[in-house]
Amino acid sequence: MEGLEQILAQHPFFAGFSAEYSQIVAGCARNHRYDAGEYLFREGRPANEFFLIRHGQVALEIVAPGRSPIVFSTLGEGDIVGASWLVPPYRWMYDARAVVLTRAIGIDAACLRGKCEADHHLGYEMMKRFLPILVQRLHATRLQILDVFGR
Amino acid sequence: MNQERLLITCEGLQVLIDALADRGYQVLGPTVRDGAIVYDTLTGVADLPAGWTDRQEAGRYRLERRGDGALFGFAVGPQSWKRFLHPPVETLWTMRQGDQGVTISSAATTTPKWAFLGVRACEIHAIAIQDRVLRDGPYPDTAYAMRRQDAFIIAVNCGQAGGTCFCVSMQTGPKVSSGFDLALTELLDDGHHFLVEVGSEAGAELLERVPHQAASDAQRTAADAVIARTASQMGRSLDTDGIKELLQSNPDHPRWDEVAQRCLTCGNCTMVCPTCFCTTVEDHSDLTGTSAERVRKWDSCFTLDFSHVHGGSVRSTARSRYRQWMTHKLASWFDQFGTSGCVGCGRCITWCPVGIDITQEAAAIRSTPNAGKGERHGGS
Amino acid sequence: MTVQPDPFVPQLYRVGRVRRELTDTTTLELAPVTGPRPTFSPGQFNMLYAFGVGEVAISISGAPDATCFVHTVRDVGAVSGAIAKLKAGATLGLRGPFGTRWPVESAQGADLVLVAGGLGLAPLRPAIYHVLANRRRYGRVVILFGSRNPKDLLYRRELQQWRERLDVDIEVTVDHADADWHGNVGVVPALIRRVTFDPHDTVALICGPEVMMRFTVNALRDAGVSPARIYLSMERNMKCAIGLCGHCQFGAAFICKDGPVMRFDKIAEIFAMREV
């Protein structure tokens, strides 16, 4: 567990996290390794974990009948994958596929949700880090919708 | 500049016109037609609007009979000298595809020598303003430069201000100060005479052909009094203090929305304005495709197409187009050409079908200079 | 500038090599029928004339030391369509070059971030050529390029060649893709935090749709780049290209003579206004 704590502390998402909270979060964390083509999660499944990418690349994609999946975002080293674990009904909205060999830390969603309920300060520290990421991705998504490169 | 003041009679004016014609000048000046005073070829004094004046107000123009026989007793009509110097339609070049291949040649410009009779002070400033735009930039319009260079200018000091005039505010009149070959001031007391001021050697030389005498002190004073009276009769005024900063810093002023409700974007103002210079080009070819030409035509920033870029117009609303025109005329022109674009002739006010008044719009914005600010676009 | 022919009248040019870049985008090499090609600077544009149809402003996208003008044209209307469909040996008219240039000389010594979106890579390419030919004069060189999807990547082969250089950092992204694409998917501004450059000594050159440029400027400024060292290539309706027709006005600037390359701090206020 100690190794994980150190890895977490070094991840950009947890910059400025107190040692105490790092320990708590590490208690919900485990290592993952995905080969190219493997899925971190699939649409519709319970959102039990979110991921901190340590190395590699993950494609977020949506499947529609009659066509190959559309990748609408790729995330890489230092990025967070997964926000649906924060919001009921805690179900993934799309697929996340490792494009290349990808190493990530998975943090158990139910475990962390419980810890945040018990300590609201921890909850606030998590929200403070999550919200800017979500806002940035919302901005980017809106730009993509504009299809500025369209004819 | 020659300080001497000379005097000629109406007959002398006829001699002047004849002398110009003798030298190959086509004399152009004001004449009555279709209920307005327009600029056209004059053969003599008889063609001038003797005894006519104009009643101008926002959206209104009527000719009326005067009680005297003044030849220049009116302000300005819908046309300006730009219709000669910067013509509404002009072929730029023609192209031919023959056996030898393709040849493109500039349109031959054989400009007649023009003498403009009756150029007002505001119009002289307007010509000078268009000089800066069309002749003095990095790519001069050589056809314009040639027409301009050969033009002989007989200015007239206004004896009567128009209902929409504000040359005093714009410091462009009513007295002509430069840019002319001869300048006349019409005197109607004690006979019918014209005080003449010589503005160039060409002017002096021409005047030699015309019977003239030295003006008396009384006549000189009378001429000054005419001009002073005109200056006091201005129908409008525009506060030009800091106008550039005022307009450029108020792109979101609610007044723009207000004027947009009235503006038809008909573009009349740009057609009658003596300094508006915008043009478009049309490429034509015949059915066989072996000959083509490019024709330049007057255009207006009020059209939707004017600002068209891939798929749409940048200025799609009337609000943005009116704002563009007025901000350009009174503010951006300074950045671009070092002077205001407006000479206070009042044509845009007179000829606007709904009577929009540029001086009123400027005053409205000035009275609440911060009305549009503090509105910021929120949202994530 | 060298001796200019009459700027009102198109000069005759012949189409040399034609290369189909994308389904609707073609690159043409144009050589003057008589005389040498006028000199030009990266960032400038020519007015290309299709006989009897009309003229369109197209940025020059070749190397300054080539003997011909290289233009990449997308078929989006009657004129551009006519030009994009020209075959080798055809003649067309050309006026130019016009406009301001990318500041490749004054940027020497600094880090360079070149950001292109869609067809915006075409006007930036001469600057890229110049920088790569004089690589030692610049610090870090970063090229960021965004497109709609992988099929729309312009100059794909050259992007590959540039990527193979060890002294250039290239990141490419698309708005969306399928699983065959192993690169980035996302918006161009998001690429900025993926690359390294010294924001306090960086010159940025940006070319693409105005929305993309706006958000890229934001991202660069957030990263610490000075607005006085960010340059955009602006676009407006172009008719005469020589400052006489009034169409290309952008605030008080004429895009044909005060642009198309404009320094951001000088247009920051106007840039934020709608319908200007």
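**Exercise 1. The contact of chains B and C**

How many residues does the contact take from chain B and from chain C? Determine also which elements of chain B take part.

*Solution.* The model is a predicted one.

Step 1. Chain B brings 35 residues to the contact, and chain C brings 29 residues.

Step 2. On the side of chain B that touches chain C, the elements giving two or more residues are β6 (89–98), β7 (101–106), β13 (279–285), β15 (308–309) and α11 (318–337) of chain B.

Step 3. The most is given by β13(B), with five residues.

Step 4. Sorted by character, the residues on this side of chain B are 17 nonpolar, 14 polar and four charged.

**Exercise 2. The overall form of chain C**

Describe the secondary structure, extent and burial of chain C, and compare its radius of gyration with that of a compact globule.

*Solution.*

Step 1. Chain C holds five helices and 15 strands.

Step 2. The C-alpha trace of chain C spans about 50 × 45 × 35 Å along its principal axes.

Step 3. For 276 residues, the radius of gyration of a compact globule would be near 19 Å; the value for chain C is 18 Å, so the two agree.

Step 4. Buried residues make up 53% of the 276 residues of chain C.

Step 5. Consider the contacts in chain C between residues at least 6 apart in sequence: 68% of them join residues at least 24 apart.

**Exercise 3. The two domains of chain C**

State the bounds of the domains of chain C, and characterise the contact between them.

*Solution.*

Step 1. The domain assignment divides chain C into domain 1 (11–98) and domain 2 (111–233).

Step 2. A distance of 24 Å separates the C-alpha centres of domain 1 of chain C and domain 2 of chain C.

Step 3. In the contact, 13 residues of domain 1 of chain C meet 11 residues of domain 2 of chain C.

Step 4. On the side of domain 1 that touches domain 2, β1 (11–22) and β5 (69–74) of chain C each supply at least two residues.

Step 5. The residues on that side of domain 1 of chain C comprise five nonpolar, six polar and two charged.

**Exercise 4. Cis peptide bonds**

Where in the secondary structure are Pro89(A) and Pro97(C) placed? Give the omega value of the peptide bond that leads to each.

*Solution.*

Step 1. In chain A, the bond from Pro88(A) to Pro89(A) is cis, and its omega is near 5°. Pro89(A) lies in the loop between β6 (80–81) and β7 (95–98) of chain A.

Step 2. In chain C, the bond from Gly96(C) to Pro97(C) is cis, and its omega is near 0°. Pro97(C) belongs to strand β6 (residues 91–98) of chain C.

**Exercise 5. Positive phi outside glycine**

Is Asp190(B) buried or exposed? Is Ala241(C) buried or exposed? Locate each residue and state its phi value.

*Solution.*

Step 1. Asp190(B) is a residue other than glycine with a positive phi, near 65°. The loop between β10 (182–187) and β11 (193–198) of chain B contains Asp190(B).

Step 2. A residue counts as exposed when 12 or fewer other C-beta atoms lie within 10 Å of its own. Asp190(B) has 9 other C-beta atoms within 10 Å and is therefore exposed.

Step 3. Ala241(C), also not a glycine, has a positive phi near 65°. Ala241(C) sits in the loop between β12 (230–233) and β13 (249–250) of chain C.

Step 4. The cut-off for a buried residue is 20 or more other C-beta atoms within 10 Å. Ala241(C) has 26 other C-beta atoms within 10 Å and is therefore buried.

Key. Residues numbered from 1 in each chain as written. Chains lettered and ligands numbered in written order. Predicted model: local features only at pLDDT ≥ 70, side-chain atom pairs only at ≥ 80, totals over all residues. Helix = DSSP H or I, 4+ residues; strand = E, 2+ residues; numbered from the N terminus. Rg over C-alpha atoms; globule rule 2.2 N^0.38 Å. Contact = placed C-beta atoms within 7 Å. Nonpolar A, V, L, I, M, F, W, Y, C, P; charged D, E, K, R; others polar. Domains from an automatic or database assignment.
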